[in-house]
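Here is a small set of exercises to work through with the model open on your screen. Try each task before reading its solution.

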Protein chains: 2
Amino acid sequence: MGKVATTEALRFMTDCLKAVGTAATAAQQQADLLIEADRMGHPSHGLNRLEFYVNDILSGACKPNNQPKILKENASTAWVDANHVLGATVSHFAMDLAIKKSKQTGVGWVTVKGSNHNGMAGYWSKKAADKGLIGMAFTNTSPLLAPTRSKKSALGTNPLSVAAQGSDNEIFYLDMATTAVAVGKIEMKMRNGESLPKGWAQDPEGRETQDAELAYETKCLMPLGGGEETSGYKGYGLAAMVELFCGISSGSNYGHKIRSWSHSGEGGPANLGHCFVAIDPENFAPGFGDRLTECIRHWRQLEPSNENLPVLAPGDKEKKAAQITDENGTVSYVKQQLDSSAALAKKLSVKPMKIVNY
Amino acid sequence: MGKVATTEALRFMTDCLKAVGTAATAAQQQADLLIEADRMGHPSHGLNRLEFYVNDILSGACKPNNQPKILKENASTAWVDANHVLGATVSHFAMDLAIKKSKQTGVGWVTVKGSNHNGMAGYWSKKAADKGLIGMAFTNTSPLLAPTRSKKSALGTNPLSVAAQGSDNEIFYLDMATTAVAVGKIEMKMRNGESLPKGWAQDPEGRETQDAELAYETKCLMPLGGGEETSGYKGYGLAAMVELFCGISSGSNYGHKIRSWSHSGEGGPANLGHCFVAIDPENFAPGFGDRLTECIRHWRQLEPSNENLPVLAPGDKEKKAAQITDENGTVSYVKQQLDSSAALAKKLSVKPMKIVNY
């Protein structure tokens, strides 16, 4: 592991995106999305993703300097064509629209087509929560999830996220893939030579497997809930719901029609679909923030089954990770990540990322 | 098991509700909600619930002839006080409002306080789907779900449902509790002398248990996803999200503040919270219904891991059950249910339900 000043990692990511032709604002916005994931303890969605975005720009699949465009609009809705810009660019555009509409009518519901990967879903719902709204964000992704009983995948990890601000600086923050786990967790088990818990992944024959290496190779994840007996069809249903809000509504690629996400940027434009929602709780009962904070604190003080493992409220893990990052002023990366970033710096003629301690 | 003509079961339920003073329309609406659950293969939410509603009326906790009232309104939102009417009465009222608003602004989002149990969540989202909209319905319920790591429950089974109509008469229908399973499934395992799968339920010490009898007695369910290693915190997060939309938004009772649901109608007004959403897909890309149907049919034709277990689309189980019910013209009930209905008929001086074959 090596440590990098948070500001330096942000600078490096911005520079790399600019080096492949991205205008300053778009580069900064995308880099901020990535650093937030590293900051909140989700490194899979941070610097780790940078090279994918860079390659998508180099291949022409992503066109960072295009402009997103509203195709249809109603008092509470908008349908947006991302025009193949970076995920952060169109997600700001679309969530800003949803926020504006929710301030007027109570709700904003915006769907997006023609987009690229837009990072950590919670970043977008939190953007609305920071304005005192209930924020929600959904996106479809490349197929990885096997519908219950299916041998093969047909839906993405399709994350959903919800965030809302309570009183006294508490926040409700839920950001979850609708698969049981992400591929990254399988990779970790494999590296540690451990076997997988039941309910995570399938083998090439569509059977549940606990063999981490085989699961990593197969890349066919089980939905949240695992097998049929433990209601995995609910996770499958949730992934399908996310697709309903994203690709099926927006007319982007959807489900089985989405390209495999390759490191090399092959396969043409991703044409992903997103959905952004903002709801103003001021339209309902007074005291929303107080009730939310009362709940969050009630959950935290519940007696735990194991006294060493306190009960957490949704988002506590991320909050804690962000606090530690901010106290240290640094983010940590594995050696492999630092090496590939150094190589990327060289390839793009960008000033390499300065490592504080290695 | 005994068979009862569907129309006769509906008549009986309507009569029982009328016998305790419910006006005709409210009684019919509540009875229709119950028969639909029996029809679609969810007997736990059908006739099985009738006596709970009757007792809540007899105890004065439910006031079936009150009128729901709009407390606050915006172009796309409404905040409604159910005024302790039956769940069906206010749910029709609130979903009709959401539907109307969605036709005007694109979205309707309505929260309800002061309500009673409103049956099968999918009934309400389907009401919007039948109008060509994306419908969603959420409700909070009495505490049964243990947040991840917690010894005791603090949230309800908090169901969420989503429905939408595809072209060519296909429907997307998702109706799911955010616990791994309902208490009824544990009861079935117990009756069959089987042990439980992992991830369903906890014992009084907050440990996962596979002892069906102990689990049934403890009534402390694990969230969708089961234990922490299989991401049960996602199911916990979803249950909390449903509470955010229902009690925390509407100012009804919420989470740990909801009474235990007793058969006897004790504990005062339930004061439950619901949330109803309608979104008009016409505001997004043309071809919504075709894409939805293409997906549904793609999922169904996926190669299954076990050739005897075909892959289903969300809602296929319910669709099939409803078809069979309609073909037979009858619903089936277990002996215990028929006996308690006969006793209820006697108690309320209502014409007993005619059993076709026993």
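**Exercise 1. Placing an alanine**

In which helix is the place of Ala342(B)? Work this out on the predicted model, then describe the surroundings of Ala342(B).

*Solution.*
- Step 1: Ala342(B) belongs to helix α11 of chain B, which covers residues 335-348.
- Step 2: Ala342(B) has a relative accessible area of 42%, so this alanine counts as partly exposed.
- Step 3: Pick Ser91(B) as a partner for a distance check. Ala342(B) and Ser91(B) are separated by 251 residues in sequence, and their C-alpha atoms lie 29 Å apart in space.

**Exercise 2. Reading a helix**

Compare the span of helix α10(B) with the expected one, then find which of its residues are buried and what they pack against.

*Solution.*
- Step 1: Helix α10 of chain B runs over residues 316-328, 13 residues in total. From first C-alpha to last the helix reaches 18 Å, close to the 18 Å expected at 1.5 Å a residue.
- Step 2: The buried residues of α10(B) are Asp316(B), Glu318(B), Ala321(B), Ala322(B) and Thr325(B).
- Step 3: A reminder helps when reading such a list: an α-helix has 3.6 residues a turn, so residues three or four places apart point the same way.
- Step 4: In chain B, the buried residues of α10(B) pack against the helices α1 (6-19), α2 (24-39) and α9 (288-300), and also against β7 (171-176) and β11 (330-333).
- Step 5: Look just past the end of the helix. Gly329(B) follows α10(B) and has a positive phi, near 70°.

**Exercise 3. Cysteines and disulfides**

How many disulfides are there over all chains? Check Cys295(A) and Cys275(B) by hand.

*Solution.*
- Step 1: The sulfur atoms of two cysteines must lie within 2.5 Å to count as a disulfide.
- Step 2: With that cut-off, the count over all chains is 0 disulfides.
- Step 3: For Cys295(A), the nearest cysteine sulfur is that of Cys246(B), 12 Å away, and Cys295(A) is in no disulfide. Cys295(A) is buried, at 0% relative accessible area.
- Step 4: For Cys275(B), the closest cysteine sulfur is in Cys246(B), at 5.7 Å, which is too far for a bond. Cys275(B) is buried too, with a relative accessibility of 0%.

**Exercise 4. The contact between the chains**

Describe the contact between chain A and chain B by residues, area and polar pairs.

*Solution.*
- Step 1: Chain A gives 87 residues to the contact, and chain B gives 87 residues.
- Step 2: Together the two chains bury about 7200 Å², with 64% of that area on carbon and sulfur atoms. Arg149(A), Lys234(A) and Phe284(A) supply 11% of the area that chain A buries against chain B, more than any other three residues.
- Step 3: Between the chains there are 6 salt bridges and 42 residue pairs in polar contact. Helix α8 (residues 232-250) of chain A gives the largest share of the side of chain A that touches chain B, namely 14 residues.
- Step 4: One salt bridge to find joins Lys317(A) to Glu228(B), whose closest N and O atoms are 4.0 Å apart.

**Exercise 5. Salt bridges within chain A**

Which parts of chain A does the pair Arg259(A) and Asp56(A) tie together? Do the same for Asp316(A) and Arg300(A).

*Solution.*
- Step 1: Side chains of opposite charge can pair when their charged atoms come close. The structure has 44 salt bridges over all chains.
- Step 2: In the salt bridge of Arg259(A) with Asp56(A), the closest N and O atoms are 2.8 Å apart. Arg259(A) sits in the loop between α8 and β10 (272-279), and Asp56(A) in helix α3 (residues 47-58), so this pair ties together parts of chain A that are 203 residues apart in sequence.
- Step 3: Check their burial. Arg259(A) is buried at 10% relative accessible area, and Asp56(A) is buried at 3%.
- Step 4: Asp316(A) and Arg300(A) form a salt bridge with an N to O distance of 2.7 Å. Asp316(A) is in helix α10 (residues 316-328) and Arg300(A) in helix α9 (residues 288-300), so the pair ties together parts of chain A 16 residues apart in sequence.
- Step 5: Asp316(A) is buried at 11%, while Arg300(A) is partly exposed at 27%.
- Step 6: Finally, widen the view: a network of salt bridges links Asp168(A), Glu170(A), Arg297(A), Arg300(A), Asp316(A) and Lys319(A).

Technical notes. Residues are numbered from 1 along each chain as its sequence is written. Chains are lettered from A and ligands numbered from 1 in the order in which they are written. This is a predicted model: local features need pLDDT of at least 70, side-chain atom pairs count only at pLDDT 80 or more; totals for chains, interfaces and linings use all residues. Side-chain values use heavy atoms; hydrogens and water are left out. Helices (H or I, at least four residues) and strands (E, at least two) are DSSP runs, numbered from the N terminus. The expected span of a helix is 1.5 Å times one less than its number of residues. Buried means under 20% relative accessible area, exposed over 50%, partly exposed in between (1.4 Å probe, protein chains only). Contact means heavy atoms within 4.5 Å. Buried area is the accessible area (1.4 Å probe) that two parts lose on being put together, summed over both. A salt bridge is a side-chain nitrogen of Lys or Arg within 4 Å of a carboxyl oxygen of Asp or Glu. A polar contact is a pair of N or O atoms within 3.5 Å; within protein, one must be able to donate a hydrogen and the other to accept it, and residues adjacent in sequence count only if both atoms are side-chain atoms.
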